[in-house]
Amino acid sequence: MSQHLTDAPSSAAAPAADDAERRDWWRDAVIYQVYPRSFADANGDGMGDLPGVTARLPYLRDLGVDAVWLSPFYASPQADAGYDVADYRAVDPVFGTLNDADDLVRAAHALGLRVIVDVVPNHCSDQHEWFKQALREGAGSPLRDRFHFRPGKGAHGELPPNDWESIFGGPAWTRTVDGDGRPGEWYLHLFAPEQPDFNWKHPAVHDEFRSVLRFWLDLGVDGFRVDVAHGLVKADGLPDIGHSEQLALLGTATMPYFDQDGVHEIYRDWRQILDEYAPRLRPGAAPSDRIAVAEAWTPTIERAALYLRPDELHQAFNFEYLSAGWDAAELRAVVERSLSAMGAVGAPATWVLSNHDVTRHATRFANPPGGGTQLREPGDRELGLRRARAAALLMLALPGSAYLYQGEELGLPDVTDLPDEVRQDPSFFRAAGQDGFRDGCRVPIPWSGTEAPYGFGPVPGGPSWLPQPPEWAGLSVEAQQGDPGSTLELYRAALRLRRELPALGAGAAVTWLDAPQGVLAFRRDAPEGAAGTGNATEAADGAGSGFVCTVNTTGAPVELAAPGRPLLSSAAGGAAQPVDGDSAVRVTIAADTAIWWAI
Ligand code: NOJ
């Protein structure tokens, strides 16, 4: 059972009264992704670490998020920034110690924040003990059955066992070298060669991950983000796909290595483990409040919903929403499809605009549509920021749970001009510099000061693992806080209202309202008997309990009937402008602007 149920310090119970009333906290949670390498560096070695995160937790509490998701901080050679795990139960020295992880979880709980950690079950590191032993023991080693080792094709086994391509470019197979120096069997790695795929048909793999989940649940974490959740089970016989350019098909077609039906059995098993744990703040009560969120790139939203049936996982990232362009019709369509698919299995929809794998949305929206999620052009920065701010208000107004990626609350753009020699994304190297630009969204956060690393590390002029651009001095937390026109204050205000207004947060539907071309307008009503966690009446200044969000996705101002009293606008200059002084009837909404209204 959980350490924190039995021996949590009394301060950890402080938010209990408030929290205990909020059943199923995850249905409307705002979850903030911390990328530990780049969040805060306490020891000054240029790499973020767990003590750095712990020290900044009050910032996240004040921002108004409910939970923190930490990307991997486990023992790892860092061939894929920690998504190559050598020991699932150890903290890599670069990030700290297990005690630091424990401190972080306790400190977060004491502040009323939940903690979700990454679990990486599709593959490990080639430095994982099982894999090292499998290599050492050679063909026939029982350890090899826990991975996908195969003899090669061709007269001398010189060809890979099948035609699968790695997501990071090149073949998904690497040939081993036997003890006598001769070429041996091949092993499967859907990602980098340093990330061998586990064979989930082997019982030891199941047992190992059950134990890993329990290890972190016992330490007190509130849940898991499941890396490559769609990849664990491969089609029987590892069949050829029959052609190259397979990456272009990802997310649109069923591949023999992704989204196989067999994965669901694993998640039904994991759900039972999560459910064994009593709620952290309500010991002895049911149901459990430990959750899992799937990173599942599936051909359709409906396929993603299968991972969220009541006996499987709790949430899945909504990558169709993340991939949608800044276009009212496209956005409306994906919102409708998401709500309907998730509603069909009783799961909350989720919304996400950025993460550590894609170009930040302030830069995606600055570029022409259709460019994908790996961009190298800065585009029109002003336009990108304007749309990013509007997109944040849209996302936070939708029913369900939202994921924020560190730095989006500062309006950070991608760093598109990193010199090639500082890049670390393994896919950049496997694609010969033609792809794999994920380092651009991983540049360390600017906290304060005028000299790099802008408070990321303790010493001005000290190192940071990726260089920050000089203009980030003006985007730091210190530079933005207290400035009502800043993106940071916009996020804080939106998250505060989201807590206060009963119509916001959980729910399964929106009511679309008539709106001019290129404008989204929808209404949300407070569920029967619902009360926000704050003073809704005060927030809405005497308005009723309904809420409307209007989003002008066009590049020109639009005029529309004011649906109510403006609460918050994404335009730095303030809310909607009354037309001819008649604010009660018609207003003009600036280009690329979202407005929240109380009705
Ligand atoms: C998805 C992670 O988000 C990404 O960063 C990683 O490279 C791959 N999975 C492989 O683990």
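Colleague: Why is C549 called buried?

Modeller: In this predicted model, C549 has a relative accessibility of 0%, and because buried means under 20% relative accessible area, C549 counts as buried.

Colleague: Is C124 buried or exposed, and how do you know that?

Modeller: C124 also comes out at 0% relative accessibility, and since the cut-off for buried is under 20%, C124 counts as buried. Across the chain, 58% of the 599 residues count as buried by that criterion.

Colleague: How many disulfides does a search of the whole structure find?

Modeller: The search finds zero disulfides; a pair would have to bring its cysteine sulfur atoms within 2.5 Å to be counted as one.

Colleague: What makes the radius of gyration of the chain agree with that of a compact globule?

Modeller: For 599 residues a compact globule would be expected to have a radius of gyration near 25 Å, and the chain has 24 Å, so the two agree. Along the principal axes, the C-alpha atoms fill a box of roughly 85 × 55 × 50 Å.

Colleague: What share of the contacts with a separation of 6 or more comes from residues 24 or more positions apart?

Modeller: Such residues account for 71% of those contacts in the chain, where a contact requires heavy atoms within 4.5 Å. The secondary structure behind this fold comprises 17 helices and 21 strands.

Colleague: What does the chain expose, and how many charged side chains of each sign does the chain have?

Modeller: The exposed area is about 21,900 Å², of which carbon and sulfur atoms supply 52%. The chain has 50 positive and 82 negative side chains, with the centres of the two sets 3 Å apart.

Definitions and conventions
Residues numbered from 1 in each chain as written. Predicted model: local features only at pLDDT ≥ 70, side-chain atom pairs only at ≥ 80, totals over all residues. Heavy atoms only, no water. Helix = DSSP H or I, 4+ residues; strand = E, 2+ residues; numbered from the N terminus. Rg over C-alpha atoms; globule rule 2.2 N^0.38 Å. Buried < 20%, exposed > 50% of the residue type's maximum accessible area, 1.4 Å probe, protein only. Areas by Shrake-Rupley, 256 points an atom, 1.4 Å probe, with all protein chains shown as cover. Lys, Arg positive; Asp, Glu negative; His and termini not counted. Charge placed at Lys NZ, Arg CZ, Asp CG, Glu CD.
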